[in-house]
Amino acid sequence: MAFEPPRRLVRALGETAPEGDDWLEKLPGLAREAVERRELTVERVQLPGGRSSLVVLVRRADGTPAVLKLAPPRARPESERVALAHWGGRGAVQLLEPVSEGAEGSEGVLLLERLHPDVSVRTLPEAKALLEAAGTLRRLWVDPPEGHVFETVAERTGRQAKAMRAGADAAPEVAPLVAAALSAREELLDSPPEHRLLHGTFRQSKVLSGDRMPWLAVGPDPVVGEHAFDLARLVRDRVEDLIAQPSGATTTRRRVRRLAESLEVDRDRLRGWTLFRAVESGVRARRVGRERDAELLLEFASWL
């Protein structure tokens, strides 16, 4: 079978590819090798697929349905592998291969339990979707494993802050928002209330329907830090719908309050991290030429 990378993946990785990165060119061969090594039968490539990995629906030698996921090193697939193993299927998709550091043919390749890829909580009415997503997220917030090597919120946002400052220099009109976001980050990092294993990139589309449990999270980019950082990405879900509403700003503030209360997170900390993450995403979208996304995210951030 030809493993043609989906257009969405090619476009997304092309926006951020460092010079000389040839992972996309190697991907068809990597996929064939991974399938042969595990004696899998391929059903189809999942379309439109994600923005950072190739997802292939397969069956194992015994006929069990599964998912084969291949991701480039910059997507931190080994970090995802360790996090999934630590969660052990509690709130997240189950890893079907043991974590064995350095195992031949395993780097950047994850074999996962098959969920229902076309059914996420985003297909539910908004209020129900937020409720189910929040409940799933709560199950993921556990202590990280002993001696973990996960990136911390301080480390990840430190890298992002440098790019945000450069973005503000290039576009002075966003400088006030960037300054507010960076100021919020400094205050929030001063006294974090907990250090837990977080999903890192949690949103409604990352929660899929399953057979073992009604809803399970997929696609983590794990990080260690406070709950409010993880919840912040969920606040802006369906941002295009929020922007289209005459009462979008009021709805956003109400969402911050309700999510903070339902997951026992400090409202001001949630608002601060939501501001930082929205501005960071907006500046990054502008940097790679996604002007429409940038406009939506920066307008949303201005409401906070």
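1. In this predicted model, the buried residues of helix α4 pack against a set of elements made up of α3, β6 (196–198), β7 (207–209), β8 (215–217), α7 (227–235) and α9 (248–262). The residues of α4 that are buried are Ala129, Leu130, Ala133, Ala134, Thr136, Leu137 and Leu140, and, seen down the axis of α4, they fall within an arc of 165°, so they line one face of the helix. On the other side of α4, Ala127 and Leu131 are exposed.

2. The length of α4 can be checked against its residue count: at 1.5 Å a residue, the 15 residues of this helix (residues 126–140) should span 21 Å, and the end C-alpha atoms are indeed 21 Å apart, so expectation and model agree.

3. Helix α3 (residues 77–87), one of the elements against which the buried residues of α4 pack, also lies across β3 and β4, and its direction makes an angle of about 35° with β4.

4. The strands β3 and β4 belong to an open sheet of four strands, which has the order β1-β2-β3-β4 and antiparallel pairing. Its edges are formed by β1 (41–45) and β4 (109–113), each of which pairs on one side only, while neighbouring strands of the sheet are turned by 30° against each other on average, with direction ignored.

5. Within this sheet, strand β2 (residues 54–59) and strand β3 (residues 65–70) pair in the antiparallel sense over six bridges, and Val58 stands opposite Ala66 in β3. As general background, strands of a sheet pair through backbone hydrogen bonds, in either a parallel or an antiparallel arrangement.

Notes. Residues are numbered from 1 along each chain as its sequence is written. This is a predicted model: local features need pLDDT of at least 70, side-chain atom pairs count only at pLDDT 80 or more; totals for chains, interfaces and linings use all residues. Side-chain values use heavy atoms; hydrogens and water are left out. Two strands pair if DSSP finds at least two bridges between them. Helices (H or I, at least four residues) and strands (E, at least two) are DSSP runs, numbered from the N terminus. Axes are lines fitted to C-alpha atoms, for helices over the stretch in contact, and angles run from 0 to 180 degrees between N-to-C directions. Contact means heavy atoms within 4.5 Å. The expected span of a helix is 1.5 Å times one less than its number of residues. Buried means under 20% relative accessible area, exposed over 50%, partly exposed in between (1.4 Å probe, protein chains only). The arc is that of the directions from the helix axis to the C-beta atoms.
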